[in-house]
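Q: Pick one part of this model and take me through it closely, with the cut-offs spelled out as you go. I'd like to know how it is held in place by what surrounds it.

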Amino acid sequence: VSTQCTWGSYFCLAQSEMAEVAKLTGHHTSTVLDAIYVPESGCAISIGEERALICWLRRDNGHFWPSISQLLPHVPTALEFHAPTRTLFVGLDNGTILNYQLSEDYNSMQLQRTIPAHGGRVSAIKVDMERQWLLSCARDKSFAVHNILGGSLIARHRIDAWFSTIEYDSASQNVFAGDFRGNIHVLKLAADGNITSNNVLSGHSGSIRCLLWSAASGFLFSGSFDKNIVGWDIGGQKGRMLEFCYHTDNVQGLVYLPDTRELVSCDENSVVVWNMSAERKESPEWVESDVCQLCGDPFMWNFSMM
């Protein structure tokens, strides 16, 4: 199983051991903002701050080489790719989403439509090809559902903070949308695409950077700028919240490996593998108190009890 990290290297994980299998370098001249790996075709797609969109193909020698390189009209900020139909969606800094169709050999692509989805930087994109829904969120503080075929707006939901990322469960039509205040909004999409807000999950002190829904474990995982990961037991319907604390930098990405029951997370400098088979205690709620809840001794500011 391979997963992409923020610095452009791909790693192969086997029994919790990692080995670098490829490194894509030499063509982006600025920060890589997003990347997708398509293992069944040996293809990777990346976008950079210099406005470049690059499609990489694995050659016979195992090295990746660009098969497509295109300069976009604005800085690209989000990617989504549907491998079975080779449909690519690229969100831009000005709120527009570009829809491309890639050829069978991944050596060319055609622009299908331009969708004016938002009034600000697109943060994340998801698609539901069965219902022909394009889901997106942006810094205009809105989450939107568009029709893929025509690009028309179906529904929009607004909050009072920037949206930073989204995750989607097509089976239940639930959307999990993270914002810059550290909250996760649980939204329900009706059959006609209309949006209902069901709940707000609060457990982070920094903006939500990444979300991952694992149907196999029943957990929603969230990574944040507070350097922590939280596992929300949504599938088990027990309301449990587990914290994973190890990272020393902002958590940038999450992948769940169902075969080995491992959670993989990365920040700017490290990749961490978590054994999800291990027993964990639920995170306690924060309580304000003038004395220690473990030993009963007063804290230093509680002079009256010292």
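A: Here's a walk through one strand, its partners and some rings. First, the ground rules: this is a predicted model, so local features need pLDDT of at least 70 and side-chain atom pairs count only at pLDDT 80 or more, while totals for chains, interfaces and linings use all residues. Residues are numbered from 1 along each chain as its sequence is written, and side-chain values use heavy atoms, with hydrogens and water left out.

The protein chain has 26 strands and zero helices (both are DSSP runs numbered from the N terminus: strands are E, at least two residues, and helices are H or I, at least four). Of its 306 residues, 49% are buried, meaning under 20% relative accessible area with a 1.4 Å probe, protein chains only.

Now zoom in on β22, residues 228-233. Five of its six residues are buried, so the rest of the structure largely encloses this strand. On one hand, β22 pairs antiparallel with β21 (residues 219-224) over five bridges; pairing takes at least two DSSP bridges between strands. Leu 220 has Trp 232 of β22 as its bridge partner. Three residues separate β21 from β22 in their hairpin, where Lys 227 takes a positive phi near 75 degrees. On the other hand, β22 is joined to β23 (residues 241-245) by five bridges, again antiparallel, and there Val 230 has Glu 243 as its bridge partner.

The rings are worth a look too. The whole structure has eight aromatic pairs, counted for rings of Phe, Tyr and Trp (its six-membered ring) with centres within 6.5 Å; planes under 30 degrees apart are stacked, over 60 edge-to-face, and the rest tilted. One of them is Tyr 37 with Phe 64: the centres sit 6.2 Å apart and the planes at 75 degrees, so this pair is edge-to-face. Back at residues 219-224, β21, the rings of Phe 219 and Phe 221 have centres 5.8 Å apart and planes at 20 degrees, so they are stacked. Phe 219 is buried, with a relative accessible area of 8%, and Phe 221 is buried at 0%. Ring pairs also link Phe 219 and Phe 221 with Phe 244, Tyr 256 and Trp 274 in a cluster. Since β23 covers residues 241-245, Phe 244 puts that strand into the ring cluster as well.

How values were computed
Buried < 20%, exposed > 50% of the residue type's maximum accessible area, 1.4 Å probe, protein only.
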